[in-house]
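Dear colleague,

I am handing over the structure below, and I would be grateful if you could keep it open beside this message while you read. My notes on what was found in it follow directly after.

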Amino acid sequence: MAAAAAFGFRQRSDEASRFEMFVRSKRPEDLEMPAAGFADFITPVDHFFVRTHVSVPNVDIASWQLQVDGNVANPLMLSMGDLRSMPSVEIVAVLECAGNSRSFFDPPVAGIQWTHGAVGNGRWRGVRLADVLKRAGIKEGTVEILFDGADVPIGTMADFQRSIPLAKALHPDTLLAYDMNGQPLPIKHGFPLRVIVPGWAGDSWMKWVTSVRVLSEPSTGWWMKNAYLYPLQPVTPGSTVPPEAMTPVTSLRIKSVISFPSPSMSLPIGKPIAIRGAAWSGDAGNVKDVSVSIDRGRTWKPARLTGPATRFGWRLWEFAWTPSSQGQHVLLARASDSKGNVQPIVAEWNPGGYLWNAVARVDISVGGVAQTAAPPEPARLNEPAPQILQRCVVCHDDDVIRQQRLTRAQWNREIDKMINWGARVTPEDREPLIDYLLRLTGK
Ligand SMILES: Nc1nc2c(c(=O)[nH]1)N[C@H]1C(S)=C(S)[C@@H](COP(=O)(O)O)O[C@H]1N2
Ligand SMILES: [Mo]
């Protein structure tokens, strides 16, 4: 509370901006924040997106301990009391899933089809990871720090473990956090302890952390070698890229979003409004400015940055505009960071659908009839699901399947991945299953 009060900023959305989260997956639970959430400087817990690969673990805080071991002089077992008695720091930082905005990639890629709301701005309190590592006495030759959480994989899926390079681990803003927005971490967000890696995508922000391992060789775990990889060189959209030609996702990129007006809104002629949004960046540098265009990118005018300026938090912005002509209008917003990086017109396509950061765009109408904002009903396939689908929904609901828009080749790769994780799909099952999935998803 203190920090929010010091910033002179309201902690909660006002009545008008209370909203339900989008459920991208019921099981495991993946929740997305609607665009209205970008009106808040600090994202309240009940508006904060959730991304879980498997189910939320049971944590018994009485017996909970953090193990710190590996390439150290003094391996540690720390209780929550031990951690809470160390010097604490609080920072504001954006947590954004690497796959945020994935649904805007063309051609589509596999994964949760987030729009722009797999991101939130949190106030995190905890101990510096560097302080814990200092107590353990990291030895010569350390290259990475590997984290593990209490969540347990399903089937033969690899345990979710992620490592970060030593330099990022020692950064004074990299934390082991126990509080979020002034309260103990909610279970969905990693109670009792999570890693905070400001400026980096969410996959490094280990939740329910139980183990910090100091490595003298880079991690070779499945989640480092096969997931969250980004091409070293730009690739042709739609191509497959071998893991050797990719590197782990690290820093976020300069990005802005428009929170108001919302898409398909109809605005009256002559009534002044404020176009609003948020902008954030990664390691490269702070958000420097945000420009808005109301003429399809011909001219750009500076938006006013509002709200607190923090190194890793998002910046709110607004732009006064009075719609003066009837018709369809395209609103664009483009942020730049202090290193001169600017949001691109088209995001760089990559096979994981990561780090989408194209210029923000909202299409509205002015002086006309309100367009129905209701999303089109998803096509319903008028045939019973084949028996084999039962084997998919052992681990996840079919909502995850229905949102995909994949080609036959992409479905084949997804099925390979699932077989590797223990799904029983025989060679004879495969073609009929893919035929069904293509019909189900309207491809
Ligand atoms: N243990 C564990 N940590 C995890 C994950 C997970 O599935 N298990 N998901 C990661 C991913 S991909 C993201 S984007 C963030 C999401 O954090 P949130 O659910 O608090 O928003 O947590 C990260 N930490
Ligand atoms: Mo993520």
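A residue is called buried here when its relative accessible area is under 20%, exposed when that area is over 50%, and partly exposed in between. Please bear in mind throughout that this is a predicted model.

With that cut-off in hand, tryptophan 421 is buried, because its relative accessible area is 13%, whereas tryptophan 222, at 23% relative accessibility, counts as partly exposed. The count of aromatic pairs in the model comes to 14. Tryptophan 222 and tryptophan 421 make up one such pair, with an edge-to-face arrangement in which the centres are 5.3 Å apart and the planes meet at 65°. This pair joins distant parts of the chain, since tryptophan 222 belongs to helix 5 (residues 222-225) while tryptophan 421 lies in the loop between helix 8 (408-420) and helix 9 (427-440), 199 residues apart. Both tryptophans also belong to one aromatic cluster, which is formed by Phe160, Trp222, Trp223, Tyr228, Tyr354 and Trp421.

Two arginines are placed over aromatic rings: the charged end of arginine 311 sits over the ring of phenylalanine 312, 4.3 Å from its centre, and arginine 334 lies over the face of tryptophan 300, at 4.1 Å from the ring centre.

Elsewhere, phenylalanine 19 is found in the loop between helix 1 (2-6) and strand 1 (22-25), and phenylalanine 19 counts as buried because its relative accessibility is 18%. Leaving aside residues up to four places away in sequence, phenylalanine 19 touches Met33, Pro34, Ala36, Gly37 and His47. The last of these, histidine 47, is 28 residues from phenylalanine 19 in sequence, and their C-alpha atoms are 8.0 Å apart in space.

Which residues come nearest to ligand 1? Of the 19 residues around ligand 1, these are His53, Asp151, His189, Arg194 and Lys207. An N or O atom in the side chain of histidine 53 is 2.7 Å from an oxygen atom of ligand 1, and a polar side-chain atom of histidine 189 likewise lies 2.7 Å from an oxygen atom of the ligand. Tryptophan 205 takes part through its backbone, where an N or O atom lies 3.0 Å from a nitrogen atom of ligand 1. Of the 540 Å² of accessible area that ligand 1 has on its own, the protein covers 100%.

With kind regards

Notes. Residues numbered from 1 in each chain as written. Chains lettered and ligands numbered in written order. Predicted model: local features only at pLDDT ≥ 70, side-chain atom pairs only at ≥ 80, totals over all residues. Heavy atoms only, no water. Helix = DSSP H or I, 4+ residues; strand = E, 2+ residues; numbered from the N terminus. Buried < 20%, exposed > 50% of the residue type's maximum accessible area, 1.4 Å probe, protein only. Contact = heavy atoms within 4.5 Å. Phe/Tyr/Trp six-rings, centres within 6.5 Å; stacked < 30°, edge-to-face > 60°. Lys NZ or Arg CZ within 6 Å of the ring centre and 35° of its normal. Near = heavy atom within 4 Å. Polar contact = N/O pair within 3.5 Å; in protein donor to acceptor, adjacent residues only side chain to side chain. Areas by Shrake-Rupley, 256 points an atom, 1.4 Å probe, with all protein chains shown as cover.
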